[in-house]
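Colleague: Could you pick one part of this predicted model and take me through it closely? I'd like to hear how the strands pair up there, and then how that part sits relative to the rest of the chain.

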Amino acid sequence: MTEYEAIIGLETHIQLNTETKIFCACKADSWGDPANSNICPVCSGLPGVLPVLNRAVVEKAVLLAKAMHAEVQSDSYFDRKNYFYPDLPKGYQITQNDHPIALGGYMDLPLPDGGTRKVGITKLHMEEDAGKTKHEHGRRLVDFNRCGVPLIEMVTAPDLRSADEVAAYLIRLRQLLRWLDISEADMEKGHLRADANVSIRLKGETGLNEKTEIKNVNSIESLRTAVEKEIARQIREVEAGNAIEAWTLDWDEDTQSLSKMRSKETMADYRYFKEPDLLVVRLDEAWESAILADFPELPLARRERFVREYGLPEYDADILTSERSLSDYFESVNQAYGGDPKRVSNWLMNDVLRLLNEQGLEAKDLKVTPGYLAEIIKLVDANTINTPTGKALLEKVQQTGQPPKEIVEAEGLAQVSDTGLIREIAARIVAENPDSVEKFRGGKEGLMGWFVGQVMRESKGKADPNLAREVLEELLKG
Ligand SMILES: [Zn+2]
């Protein structure tokens with residue numbers, strides 16, 4: 001069996017989460033708004049208007065460039081990319097062609113085998129989005145809301161080798177974009193779009209063969225499937241003696257299949273020239289250092305530090321750094337708690353994450369402040385409350401925003417560690433359930449859990465379960 005490898009590069013379009021569009025004052029995010037409700041003469045291309053560059057777009061582009069280890073250019077220019085399409089009222093798109101905001105760079109992509117792949121970045125450029133068209137009742141409708149929405153296009157070198165690596169790259173990119181507060185990076189909403197260039201070659205070869213481009217995929221999972229299918233198709237073609245042609249392939253989400261869209265345009269078709277209505281983007285040192293003044297520790301560096309500094313397992317560190325506010329939260333709780341960081345990690349990974357998922361929140365929005373969570377863990381450590389009560393308390397603090405100790409006092413949640421009281425409850429349960437007692441004594445030791453459960457229920461969850469077990473063992477075995 002001949003062995004092939006896939007050569008994949010990604011062209012990503014990142015929608016920036018700026019307030020306004022790139023060249024006008026219309027709001028940037030009009031997801032869900034009625035068609036053509038968020039447009040003005042500038043972004044809909046009326047004659048005689050002039051674009052004005054949004055500073056925030058440059059600033060976010062510089063942050064991303066820095067995170068990708070790219071070389072930020074002190075001078076960059078906008079170009080017109082000329083083409084006709086109904087969703088492009090101006091007849092050209094303002095983009096950066098010859099002199100983009102940043103060149104080169106890479107992303108370190110952790111691989112499942114523990115290694116790291118440096119995925120090269122060829123360039124990053126700023127541009128405006130085009131509108132949208134759709135077919136409805138036999139007519140073609142256009143919506144210009146997206147015209148002028150700020151994008152960064154980032155192109156990778158053909159450094160990815162499988163559909164899984166494509167997915168892993170996009171997951172890391174999405175994490176980074178949210179971490180830096182550059183983009184919502186939601187593929188379903190088109191905040192992050194990725195086209196994949198796919199070719200194959202025999203393992204050991206170094207040249208590049210003809211590639212195809214996969215477009216219109218709107219989730220990471222679907223892109224993984226699409227790339228997998230395209231690799232399999234190319235192998236089948238080559239094995240059958242057919243040549244791969246440079247097709248553009250359209251992904252159909254409903255049928256989960258690819259179909260040929262059109263032959264690729266060549267570069268010359270667009271007749272790029274410098275945008276005469278915009279000045280050079282000059283990024284002097286003062287501006288660049290102001291942008292980078294609060295540049296955060298990045299997720300992979302933080303993950304590595306969590307392992308080193310707190311002695312956390314890699315698995316924990318990876319989850320805790322999946323999102324910036326969660327990792328900040330972990331550090332704050334840990335500081336307030338002052339005990340074993342793994343104990344804090346367990347609370348976060350089991351209970352806090354479940355709460356966040358259920359309520360669709362980020363850690364920074366929790367009413368359970370880091371100080372409150374530290375307090376809850378300490379109450380459990382001190383046996384003032386038992387673990388199930390601690391978990392219930394977490395939810396109550398989140399509902400009410402009240403300090404944990406107040407709730408424990410007001411609701412009388414403190415654990416019953418009074419042996420006399422527990423013995424009384426346990427004795428009653430033993431007396432009321434002679435059948436179960438007989439079965440237990442006859443060897444069904446698994447029933448102990450049931451007995452403990454009864455004591456917990458009778459005490460309304462407040463009994464110390466370890467103490468209950470001790471007392472029951474005494475009563476049942478004696
Ligand atoms: Zn506008």
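**A close look at the strands, and what lies beyond**

Modeller: Sure. Keep in mind that the model is predicted, not experimental. The domain assignment splits the chain into domain 1 (4-291), domain 2 (299-411) and domain 3 (419-477). I'll spend most of my time on the strands of domain 1 (4-291), then go on to a few helices.

Let's begin with strand S1 (residues 4-15), which runs antiparallel to strand S12 (residues 192-202), with eleven bridges joining the two. If you want a spot to click on, look at Ile7, which has Ser199 of S12 standing opposite. S12 also runs antiparallel to S13, this time with three bridges. There, Asn197 faces Glu213 of S13.

Glu213 is a handy residue to stay on, since it also stands opposite Thr248 in S14. That pairing, between strand S13 (residues 212-215) and strand S14 (residues 247-252), is parallel and has three bridges. To get from S13 to S14, the chain passes through helix H3 (residues 220-239), and this β-α-β crossover is left-handed. As background, strands of a sheet pair through backbone hydrogen bonds, and the pairing can be parallel or antiparallel.

Then there's an open sheet of three strands, ordered S5-S4-S16, with antiparallel pairing. Strand S5 (92-95) and strand S16 (273-274) are its edges: each has a single partner strand, so one side of each has no neighbour in the sheet. Strand S4 (residues 79-82) pairs with S16 over two antiparallel bridges, and Arg80 has Phe273 as its bridge partner in S16.

Val72 is worth a stop too. This residue is in strand S2 (residues 71-72) and counts as buried because 20 or more other C-beta atoms within 10 Å is the cut-off and Val72 has 21. So what does Val72 touch? Setting aside neighbours within four places in sequence, its contacts are Val62, Ala65, Ile101, Ala102, Leu283 and Glu288. The C-alpha atoms of Val72 and Gly104 are 9.0 Å apart, with their positions 32 residues apart along the chain.

Two loop residues have backbone angles you might want to check. Most residues other than glycine have a negative phi. Asn36, though not a glycine, has a positive phi of about 55°. Asn36 is in the loop between S1 and helix H1 (55-67), and it counts as partly exposed, with 15 C-beta neighbours inside 10 Å. Ala185, likewise not a glycine, also has a positive phi of about 55°. Its loop runs between helix H2 (163-179) and S12. Is Ala185 buried or exposed? Buried, with 21 other C-beta atoms within 10 Å.

Now for the helices further along. Helix H10 (residues 387-400) has 14 residues, which at 1.5 Å a residue should span 20 Å, and its end C-alpha atoms are indeed 20 Å apart. Its buried residues are Thr389, Gly390, Leu393, Leu394 and Val397. They cover an arc of only 150° around the axis, which puts them on the same side of H10. The general reason is that an α-helix has 3.6 residues a turn, so residues three or four places apart point the same way. The buried residues of H10 pack against helix H8 (341-359), helix H9 (370-381) and helix H11 (404-411). Right after H10 comes Gly401, with a positive phi near 75°.

Helix H12 (residues 419-432) can be read in a similar way. Ile422, Ile425, Ala426 and Ile429 are its buried residues. Viewed down the axis of H12, they fall within an arc of 95°, so they line one face of the helix. Gly420 and Ala431, on the other side of H12, are exposed. The cover over the buried residues of H12 includes H14 and helix H15 (465-477).

Helix H14 (residues 447-458) holds Gln454, which is buried, with 20 other C-beta atoms within 10 Å. Gln454 also gives a way back to where we started: its C-alpha atom is 76 Å from that of Asn82, and the two residues are 372 apart along the chain. As for the domains themselves, the C-alpha centres of domain 1 and domain 3 lie 64 Å apart.

Technical notes: Residues numbered from 1 in each chain as written. Predicted model: local features only at pLDDT ≥ 70, side-chain atom pairs only at ≥ 80, totals over all residues. Helix = DSSP H or I, 4+ residues; strand = E, 2+ residues; numbered from the N terminus. Expected span 1.5 Å × (residues − 1). Buried ≥ 20, exposed ≤ 12 C-beta atoms within 10 Å, placed from the backbone. Arc of directions from axis to C-beta. Contact = placed C-beta atoms within 7 Å. Pairing = 2+ DSSP bridges. Right-handed = clockwise from strand over helix to strand, strands pointing away. Domains from an automatic or database assignment.
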